[in-house]
Amino acid sequence: MSNTGKSWFCCICAHDAELKGKKVLVVTLEMSSIRIERRIDAIRYKLPFGKLRDAELDAMREEDWKKRLEEAAIEKVESDILVVDKKTV
């Protein structure tokens, strides 16, 4: 079953569980953890994934995304989603 949205579904479920205060572990054997994390960022910050993936975000959206990431780092807000790939496992 390729190209059916399994990893997107997993990311959406992980984000939803995080919003409900749950800790989530995502283990991916097919994709890199960075790709999964970018998908979660797209969901979390409501970014168009195609543009995020291709580094084509407009300046305003990119600036807002970076600002929100920096604010989370300053406030030491840690995600309750841990993503590991086959290199880590």
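User: In this predicted model, which residues does Thr28 touch, not counting residues up to four places away in sequence?

Analyst: Thr28 touches Ser33, Ile36, Val83, Val84, Asp85 and Lys86, with residues up to four places away in sequence left out. Thr28 itself has its place in strand 1.

User: Why is Thr28 called buried?

Analyst: Its relative accessible area is 8%. Buried means under 20%, so Thr28 counts as buried.

User: What makes up the largest nonpolar core?

Analyst: Eleven residues make up this core: Cys11, Ala14, Ala17, Val24, Val26, Met31, Ile36, Ile40, Ile43, Ile81 and Val83. Helix 1, strand 1, helix 2 and strand 2 are the elements that give two or more residues to it. A second, separate core has seven residues, among them Ala42, Leu47, Phe49 and Leu52.

User: Which residues does Val26 touch, not counting residues up to four places away in sequence?

Analyst: Val26 touches Cys10, Ala14, Ile36, Ile81, Leu82, Val83 and Val84, on that count.

User: How do you know that Cys10 is in no disulfide?

Analyst: The nearest cysteine sulfur to that of Cys10 belongs to Cys11 and is 5.6 Å away. A disulfide needs the two sulfur atoms within 2.5 Å, so Cys10 and Cys11 do not form one. Cys11 is likewise in no disulfide, and the structure holds zero disulfides.

User: Are Cys10 and Cys11 buried or partly exposed?

Analyst: Cys10 has a relative accessible area of 33%. Partly exposed lies between the limits of 20% and 50%, so Cys10 is partly exposed. Cys11 has 1% relative accessibility and counts as buried.

User: Why is the pair of Trp8 and Phe49 called edge-to-face?

Analyst: A search of the whole structure finds one aromatic pair. In this pair, Trp8 and Phe49 lie 5.0 Å centre to centre, with 85° between the planes. Centres must lie within 6.5 Å for a pair, and planes over 60 degrees apart count as edge-to-face, so both conditions are met.

User: What parts of the chain does the pair link?

Analyst: It links distant parts: Trp8 is in helix 1 (residues 6-19) and Phe49 is in helix 3 (residues 49-53), 41 residues apart. Trp8 is partly exposed, at a relative accessible area of 26%, whereas Phe49 is buried, at 16%.

User: How do you know that the span of helix 2 agrees with what is expected?

Analyst: Helix 2 (residues 33-44) has twelve residues, which at 1.5 Å a residue should span 16 Å. The expected span uses one less than the number of residues. The end C-alpha atoms are 16 Å apart, so the two values agree.

User: What does helix 2 pack against, and which of its residues are buried?

Analyst: Its buried residues are Ser33, Ile36, Arg39, Ile40, Asp41, Ala42 and Ile43. They pack against helix 1, strand 1 (24-28), helix 3, helix 4 (59-74) and strand 2 (81-85). Lys46, whose phi is positive, near 55°, follows helix 2.

User: Why does Glu18 count as buried?

Analyst: Glu18, in helix 1, has 16% relative accessibility. That value is under the 20% limit, so Glu18 counts as buried.

User: What joins the side chains of Glu18 and Ser79?

Analyst: A polar contact of 3.0 Å joins them. The cut-off for such a contact is within 3.5 Å, and 3.0 Å meets it. Leaving out residues up to four places away in sequence, Glu18 touches Val24, Arg44, Ser79, Asp80 and Ile81.

How values were computed. Residues numbered from 1 in each chain as written. Predicted model: local features only at pLDDT ≥ 70, side-chain atom pairs only at ≥ 80, totals over all residues. Heavy atoms only, no water. Phe/Tyr/Trp six-rings, centres within 6.5 Å; stacked < 30°, edge-to-face > 60°. Helix = DSSP H or I, 4+ residues; strand = E, 2+ residues; numbered from the N terminus. Buried < 20%, exposed > 50% of the residue type's maximum accessible area, 1.4 Å probe, protein only. Contact = heavy atoms within 4.5 Å. Polar contact = N/O pair within 3.5 Å; in protein donor to acceptor, adjacent residues only side chain to side chain. Core = buried A, V, L, I, M, F, W, Y, C linked by side-chain atoms within 4.5 Å.
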